[in-house]
Amino acid sequence: MKVAVMNGIGKMGFIERDIPHPADNEVLVKLEYVGICGSDIHYYETGSIGKYVVKPPFVLGHEPGGTVVEVGKNVKHLHIGDRVALEPGKTCGHCEFCREGKYNLCPDVLFFATPPIDGVFQEYVAHEADLCFKLPEDVDTMEGALIEPLAVGFHAANQGNAHAGQTAVVFGSGCIGLVSMMALKAEGVSKVYVVDILQKRLDKALELGATEIINSKEKNLQEEIDRLTDGKGADLVIETAGTETTTRQAIQITKKGATIVLVGYSKTGEMTLPISLALDKELTFKTVFRYRHIYPMAIESVASGKVNLKGIVTNVFDFDDIQNAMDKSVNDKANIVKSVVKIC
């Protein structure tokens, strides 16, 4: 099979590897679409994220959708021809976090495209069948590939206890900001305002259902939130931009007793924040690391029409064009919201 590999910072290439054979509890999936995630772009640009360092040749990609072509002998719930979304993290199942159901916190997780575990910019992958979720007839494999980022959005909404009657603000209108906004709407949040400084991304947010958008480069954010909430402030904020500026703004625009969910990673990993103000407001801070128990919910939301997942896709690249796909995703962030690679 053909495999796309990162040969160094900013350098993609292709190699051939044998098609894997599924173990008894696995299925072999012929991949059809794989999304390009922000972490893929960061590895491609810098060669590392924190302690995770790429050692070329390395396979990027952890947002896959495809069709089952072979089934391990112990697999009963999937069959050849089933279209599936693949949850990319295989956990140990035995640690305290796995036993408590918080498996996303497992310290021994094997996650696609997190060094040293290869990702799935390739034609086939053998994966644990329990991590492959069958897609309904009206959900295709491109949407299947996008269930992974949507799961992050739903986990963020759940961490914030999103519900009807709330007023929410999402900072950032990239892929994760958009799926967070759509997850909030799907869970019944009445008003969702999206903040960014890139107008084309904000236009996409409005297209996908944001109640209103705010370009904080052009307008005074506090004044806009005061106008939209009659001076009360937001009940819930989901911060996906990962900057100190937006996190400080999140603290400033919330009402007392509100919840702030931190999703975005800052470049340095550190921030200086107005904690006294957060204490005065008795704010609750929640954080997000990937997701847990979300795929069925996310798939159902797409199948029911509550979430227009294809709407976030701005660019589809052929597998043979992987170098250009990565380069454009790095260099044209103002226009590209979400890129997807068509494997076959």
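**Close-up views: a hairpin, a sheet and two cores**

**View 1. The β1–β2 hairpin.** Just 2 residues sit between β1 and β2 in this hairpin, and G10 in the turn has a positive phi of about 75°. The two strands, β1 (residues 2–8) and β2 (residues 11–16), run antiparallel and are joined by 6 bridges. One to look for: M6 has M12 as its bridge partner in β2. Strands here are DSSP E runs of at least two residues, helices are H or I runs of at least four, both numbered from the N terminus, and two strands pair if DSSP finds at least two bridges between them.

This is a predicted model, with local features needing pLDDT of at least 70 and side-chain atom pairs counting only at pLDDT 80 or more, while totals for chains, interfaces and linings use all residues. Numbering starts from 1 along each chain as its sequence is written, and side-chain values use heavy atoms, leaving out hydrogens and water.

**View 2. The open, parallel sheet.** Its 6 strands go β14-β13-β12-β15-β16-β17, with parallel pairing. At the edges, β14 (212–215) and β17 (284–287) each pair on one side only. Zoom in on β15 (residues 234–239) and β16 (residues 254–262) and you'll find 5 bridges, with A234 partnered by T254.

**View 3. Around V194.** The largest nonpolar core (buried Ala, Val, Leu, Ile, Met, Phe, Trp, Tyr and Cys joined through side-chain atoms within 4.5 Å; buried means under 20% relative accessible area, 1.4 Å probe, protein chains only) has 51 residues, and V194 is among those with the most contacts inside it. Helix α3 gives the largest share, 10 residues. Apart from this core lies another, of 40 residues, including F58 and I322.

Terms used:
Buried < 20%, exposed > 50% of the residue type's maximum accessible area, 1.4 Å probe, protein only.
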